[in-house]
Amino acid sequence: MSYEVKMPQLGMNQDTAVVVAWFKKEGDKIEKGDPLFEVETDKATMEVEAQKEGYLSKIKVDEGSEVPVGQLLALISDTNEDSHNDQTDLADPDSFETIEPYAEPINDNSIENEVQNIEGSSNRNELSTRSTRNKAAITGVKVLASPKAKLAAKEMGFDLAELRNAGIAEPFHFADLARVPQSSSFSSIYLQVSAEAFDALILKSETVKRSLLFSKFTSSAWSFVFEESVLEVIFKDTNGESYVETTTKEVSSNDVANTITLIDLCDTRISAYETGSNNLTLSFSQLRNEFTICLSFSEKILQFSDAVKFLNELGARLEDPVLQLI
Amino acid sequence: MAKKINTNSESYLKMYSQMVKIRSFEDQANQLYLDAKMPGLTHMYSGEEAVAVGICEALTVKDKITSTHRGHGHCVAKGAELKQMFCELLGKEEGYCRGKGGSMHIADQSNGNLGANAIVGGSMGIATGSALRAKLNGDSDVTVCFFGDGATAQGLLYEVMNMAALWNLPVIYACENNGYSEYTATDEIAAGDILDRARAFGIEAHKVDGQDVLAVNKLATDLVARARKGEGPFFIELITYRYHGHHVGDINRTYYRSKEEEEDWKKNKDPIKILGDWLVSEKIASDDELQIIRDDIAAEAHVAVQYALEASYPNSNEVDMHVYMETT
Amino acid sequence: MRLITLSQAVNEAIAEEMRLDSSVFLIGEDVAEAGTPFKITSGLVEEFGTERVIDTPISEPGFMGLAVGAAMTGSRPIVDIMFGDFLFLIMDQLCNQAAKAHYMSGGKLNVPLVVRTNLGATRRSAAQHSQSLHALVSHIPGLKVAMPSSAYEAKGLLKTAIRDDNPVVIFEDKLMYQDKADVPEDEYLIPFGEAAVLQEGNQVTLIGTSSMRQVCEEAALILSDEKISVEIIDPRTLVPLDEKTILNSAKKTGRVIVVDEGHQNFGVTAEIASRISEKAFYYLDAPVIRMGAMDVPVPFSPVLEDLTVPTAEKVASNARKIVAGELVHEL
């Protein structure tokens, strides 16, 4: 049976040490407490004593080698016979592994080049430290605004640069958003269509909710017109509660290209709901046997011609639900 | 009469076993460190066993101790289990402190050990406060405050000895003078006689050979009994020696003490050998019987180490547990 | 309605808890017959005797250490540190011993003690008797920190502190000891980690700790004349901190000023402001403004000392600016 001699931990901050000299050679008899080898750390040189009596059966590390703490240096065996057939391997799963030097993350050259092109700067060091920032922050001249104003502007689809163009001083605050009339990029189109076939469908299947059918028809019409484009349908009830009803595909939220808010006004006397935001909104109202559908949208998101195609398709499906099955 | 001798023999053999247990524990701990299996660092008690054992054998489970960074000996002497101690040294879940304290913070309140302390002199207030609590509540327990010669340079000692003396608190200040304050000879850091410092507060102070466990135990038994009766506090200076360096990595130490000096203490003043020789000469035990005791305990320590090496680490969800105690 | 001083409220809290629990005792310099320099503990020694109202030598580290040991073994000491500035003397016992014992022992030991001390400048006491050091101890995990802002809070928070199983540091403003507030006759506790919303508003939130709550209230009065709607929050405890109430208010008003009498650098105002910035960023319509004590040792001369602490006028001025969208600090 062999006893393992390992590189001792000699200082509080020491990871490695150099074996300067062996005081014994293989085969030598050893008493506990005999100086066995000399070690040098960054702070000092010292002798390490044998912790066990026996015979030095194998020296695993040559003089002058720098080795990590915990590494096997030699074997001491009870008898002097097994000095050449030790089976113990160097690897010791219990010893503390030396840690690979921390690798600096490689800069993304594509971003860096882009930055250089944009700014035309010659100060490469400065640029490389910035290369992890996102591009938007580096490109245009930053508009200064409070986080609240920025978030509100984003939700409204409003470009804060328009406030600058209007001569309002930065930084912008939430209240500044009301100071410039919004550009009229928002539009509404209406469609009226017979509700008879749809109502008949609802009557036949008592379990199907009207709102769900509206969502399904909307998704299908969207997919039909725009093919690959993904649509997330959010149903908003008249209490103001919203929930995601359906999407045209199984997708993660990152993939959603467009969101449409769907409002069912059929149980009210209200005929339409238009929003001033750039988000797509679709309201459904019903007077006797006729649906009135209002699509409000921003031309930044949806071209007028596309909006017409989509609403026409939806109208056709509501008028003749069989189309939905095809 | 025969029964009394028998009782005493048991007590002598218990002291022998306890000292061997500390030595075996430290040998294993030292090896764990040298093999780089133990994180952090540790301070060996080897050589000072008679101090911890002589005093703790004079205490009951209800009596309290506070310990130091060189605290494994106190912990074993006050009744701790080796497995849980090794687990703590290795940062394992089954350790006395669930791996959150390590070598320098083992606390075992079930045996009255209020904890080792990594601040030199840091536990003097705690020990004295424990004695204040005993006095206020009319509890009969005595608290022993272990500290080294180096800690006598801390001002806290004099603040708390002043109050302990004013209020006759049941506390015993046990100064383990091993001759070195970290890497510096005590002569270079301590002016005057250490005992005089206690005497300045009117505290009865004794000096005893800290390698003679029977002498330590006799003095401690007497002082503990008197402290229980309200005659405290007391101060003991125990002259002893640490075989290892200040901490396990302190191997190259000839600049502050010679190898000859170390050899002399190990050869001629070893507390385990001194008691062993006496036990044999008094025919309380034979050499063979003592060898069996040593082998059994070494085997027990070995088993405990292996157990601890294989024990599991704490769950990561323990990291923010025990910052605050839930008040019920 | 029963108006009593903050000093009386503290005295009542200690007396009530000492009557309820025999393990509670009071220890410190001149706490017995002298009743402390502020006469807060007067009368307690007559009721509870010198065994439980213990006068010590002038040895803060020593008696703090005793309290840790007593608490570890079953007592519930209340430690009187005469001036908050003397906390520096007990740092090892408080931060290395008391704060860590429960954690280091894996939950086996605990240290149920209260350090009662004070804070606050403008008492013309100069740099070593005027500091507000609550941020310092709030930084140490394991300690809880309470900051009563009136006699009502002083009593309710201290009673909760004494019953807590952890070390608690409670800071009273030494200029408020004679201030009166409505304190119920009946027993009550104020739970830790629950801020008080003292006034609701929707344009700007003023967060004030300890006596800075009064400064915020005065500022709100000034601002109400200008029809600015102010919400006032008193966190009451810094550890644990009622982040939810603070964030909800920040989200509502979008503008926050944090006022505290500790030094501004690396202080309580910085901590609260950064939590708001991290967790309510998108609701903010103005930078969160910190108003702490000036980063100088507290000067003696009254003319100089008054310049170092936040005032209602300065708070109102900053609130006015951020509500109007003006800059407090240059771009």
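This talk goes through a predicted model with chains A, B and C, moving from chain A to the contacts between chains and then to the core.

Let me start with chain A, where nine helices and 14 strands are found, and where buried residues make up 26% of the 326 residues. If we take the contacts in chain A with a separation of 6 or more, 55% of them are accounted for by residues 24 or more positions apart.

How are the four strands of the open sheet in chain A ordered? The order is β1-β8-β6-β3, and the pairing is antiparallel. At the edges stand β1 (2-6) and β3 (29-30) of chain A, each of which has a single partner strand, so one side of each is left without a neighbour in the sheet. For β3(A), the partner to look at is strand β6 (residues 54-59) of chain A, and these two pair in the antiparallel sense over two bridges, with Ile30(A) standing opposite Gly54(A) in β6(A). As background, strands of a sheet pair through backbone hydrogen bonds, either parallel or antiparallel.

Now to the contacts between chains. Where chain A meets chain B, the contact takes 15 residues from chain A and eleven residues from chain B, and on the side of chain A we find eight nonpolar, five polar and two charged residues.

Between chain B and chain C, 32 residues of chain B are in contact with 39 residues of chain C. Which elements of chain B give two or more residues to the side that touches chain C? They are α5 (124-137) and α6 (155-166) of chain B, and α5(B) gives the most, with ten residues. That side of chain B divides into 15 nonpolar, twelve polar and five charged residues.

Chain C itself is divided into domain 1 (3-182) and domain 2 (196-324), whose C-alpha centres lie 26 Å apart. The contact between them takes 25 residues from domain 1 of chain C and 23 residues from domain 2 of chain C. On the side of domain 1, the elements that each supply at least two residues are α5 (134-138), β6 (144-146), α6 (151-163) and β7 (168-173) of chain C, and by class that side has 13 nonpolar, eight polar and four charged residues.

Within chain C, please also look at strand β14 (residues 289-293), which is mostly covered, since five of its five residues are buried. Four bridges join β14(C) to strand β13 (residues 256-263) of chain C, and the two run parallel, with Ile257(C) opposite Ile289(C). The chain crosses from β13(C) through helix α9 (residues 268-279) of chain C to β14(C), in a β-α-β crossover that is right-handed.

Finally, the core. In soluble globular proteins, nonpolar side chains tend to be buried together. Here the largest nonpolar core has 192 residues, and those with the most contacts inside it are Ile172(B), Leu206(C) and Ala319(C). Helix α1 (residues 2-34) of chain B gives the largest share of this core, eleven residues. Why does the core lie between the two domains of chain C? Domain 1 (3-182) and domain 2 (196-324) of chain C both give residues to this core, so it lies between them. As for Ile172(B), the residues it touches, leaving aside those up to four places away in sequence, include Val142(B), Leu223(B) and Phe234(B). There is also a second, separate core of 28 residues, and among them are Phe235(A), Tyr273(A), Leu282(A) and Leu311(A).

Conventions:
Residues are numbered from 1 along each chain as its sequence is written. Chains are lettered from A and ligands numbered from 1 in the order in which they are written. This is a predicted model: local features need pLDDT of at least 70, side-chain atom pairs count only at pLDDT 80 or more; totals for chains, interfaces and linings use all residues. Domain bounds come from an automatic or database domain assignment. Two residues are in contact if their C-beta atoms, placed from the backbone, lie within 7 Å. Ala, Val, Leu, Ile, Met, Phe, Trp, Tyr, Cys and Pro count as nonpolar, Asp, Glu, Lys and Arg as charged, and the others, Gly among them, as polar. A nonpolar core is a set of buried Ala, Val, Leu, Ile, Met, Phe, Trp, Tyr and Cys residues joined through C-beta atoms within 7 Å. A residue is buried if 20 or more other C-beta atoms lie within 10 Å of its own, exposed if 12 or fewer, and partly exposed in between; C-beta atoms are placed from the backbone. Two strands pair if DSSP finds at least two bridges between them. A crossover is right-handed if, with the strands pointing away from the viewer, the path from the first strand over the helix to the second runs clockwise.
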